[in-house]
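Reader: I've got a few "how do you know" questions for you. Can we go through them one at a time?

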Amino acid sequence: MKRPQFPFRAVLCAAVPALIMSTLSAQHRPDGFNYDESRVPEYTLPDPLRLENGDAVEDPRAWSEKRRPELMELFREHVYGRQPAAPEGMRFEIRSEDTEALGGKATRREITVRFAEGRDDPSMEILLYVPNGADGPVPAFLGLNFFGNHTAHADPGITLSTRWMRSNRSMGVVDNRATEASRGVRADRWPVETIIDRGYALATIYCGDLVPDRADGLEADSAVTAYFREKEGRNERGKDEWGAIAAWAWGLSRALDYFETADAVDAARVSVLGHSRLGKTALWAGAEDERFAIVISNNSGCGGAALSRRRFGETVRRINTNFPHWFCLNFRDYNDDEDALPVDQHQLIALAAPRPVYVASATEDLWADPKGEFLSAKHAEPVYRLLGLDGLGVDELPAPNTPVGHTIGYHLREGGHSITEYDWEQYLNFADRHLR
Ligand code: GTR
């Protein structure tokens, strides 16, 4: 993959400073990391179809009864951490409902999920849009958001989040609180009307409801992680205790628990998806919870779809240093020692099997290693084949904007690190193929 030409940047820089800012952030590429394919070290991937004792996995039963559980344990122990079961006292409260939302085409509902009895105990808010006039329960997309449910659409009926979030003027977040100016600021990432018109429901949750996305987030008063640590009588963070990604993924499962009780959404046809850190989360949610019908990773990169052993763009050391709360503590043992990891991320993709899984990259998003994401999808294929399914069906990274695949889908979108209409279009088509 070519790096951008210097003169191109210089011209933009002189002419359109605002554009260059967004271009640069879309091409997040810190110095001191490898973006050169010829400098990817040689590596050997762990075999998804070989048990830790060396035995080959030769039939679907050995996969589902032996190898899959073994891989789940390895990912829990070394990468994401272990999560608790759904809490006994969990309750769902309808906070608001509008049956004439989006000009009458959808019903908007806000659901508070209380994880424990007391009103001060941890909770999360689900924002749900369901198309009106459907014959029965509809399939849905479910994903977390970065800056609050109210950023997904300008709909004034959405409750403004009162949770802590990272200050960000362009997102309308001041002193770690959302302001009215933040309504709909991320609407370009959530094409709600398109999704509704295609006959799908859409649900989203602010990830910070579960664990605030900051270094000490796991210990925050509102964090589910702090709540469970206290409940289980632990003071210190255990080496295999869940990090933020696992806790966010756990929240997605609790939303699925809600769909199982509500009749508007078909809980057996929910696609879990996410962008970037929330794409890593979607992959882990799909692994931990086999009720998700489809698993979709958008530009998830290191610790998501990208192969760690390639050390292309973001590395294990860098992610553990910058985001000490995302993974379990054991993951730090692999800083600068990726080859010692008992797993690699193609095995995470394989954990979606036999369900359809989709991996998407972007041409300029070298930090997330598009080729490494493609290779993960590719190397998950033997598991799909063992289960009698078509996998990806291609051997080479496809040209930009050329979606490929069968039960494993993949595309390389032209452009930077984001989730766009183009990406959504492919996910809707993929869901149509597999869920209709
Ligand atoms: C980056 C991080 C990536 C990715 C991204 C995001 O700073 O290094 O792993 O998760 O943030 O979530 O937008």
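Author: Sure, and keep in mind that this is a predicted model. Let's start with R277: a polar atom in its side chain sits 2.5 Å from an oxygen atom of the ligand.

Reader: What makes that R277 pair a polar contact?

Author: The cut-off is 3.5 Å between N or O atoms. At 2.5 Å, the R277 pair falls within 3.5 Å, so it counts. E314 has a side-chain N or O atom 2.5 Å from a ligand oxygen, and for H417 the value is 3.4 Å, so these pass the 3.5 Å limit too. As for cover, the ligand taken alone exposes 310 Å², and the protein buries 85% of that.

Reader: Which residues surround the ligand, and how many of them are charged?

Author: Around the ligand you'll find F146, S276, R277, K280, E314, I319, F323, W326, W367 and H417. Three are charged, with five nonpolar and two polar. The ligand's space is also the largest pocket.

Reader: How do you know how many disulfides there are?

Author: A disulfide needs two cysteine sulfurs within 2.5 Å, and the structure has zero of them. Take C207: its closest cysteine sulfur, in C302, is 18 Å away, so that's too far for a bond. C328 isn't in one either, with the sulfur of C302 as its nearest at 14 Å.

Reader: Why is C207 called buried?

Author: Buried means under 20% relative accessible area. C207 has 2%, so the label fits. C328 comes in at 1%, so C328 is buried as well.

Definitions and conventions
Residues are numbered from 1 along each chain as its sequence is written. This is a predicted model: local features need pLDDT of at least 70, side-chain atom pairs count only at pLDDT 80 or more; totals for chains, interfaces and linings use all residues. Side-chain values use heavy atoms; hydrogens and water are left out. Buried means under 20% relative accessible area, exposed over 50%, partly exposed in between (1.4 Å probe, protein chains only). A residue is near a molecule or strand if one of its heavy atoms lies within 4 Å of it. A polar contact is a pair of N or O atoms within 3.5 Å; within protein, one must be able to donate a hydrogen and the other to accept it, and residues adjacent in sequence count only if both atoms are side-chain atoms. Accessible areas come from the Shrake-Rupley method with a 1.4 Å probe; for residues, only the protein chains shown count as cover. On a 1 Å grid over the protein atoms alone, a cavity is a set of points where a 1.4 Å probe fits but cannot get out, and a pocket is an open set with protein on both sides within 12 Å along at least five of seven lines; lining residues have an atom within 4 Å of a point. A molecule sits in a cavity or pocket if more than half of its atoms lie within 2 Å of its grid points. Ala, Val, Leu, Ile, Met, Phe, Trp, Tyr, Cys and Pro count as nonpolar, Asp, Glu, Lys and Arg as charged, and the others, Gly among them, as polar.
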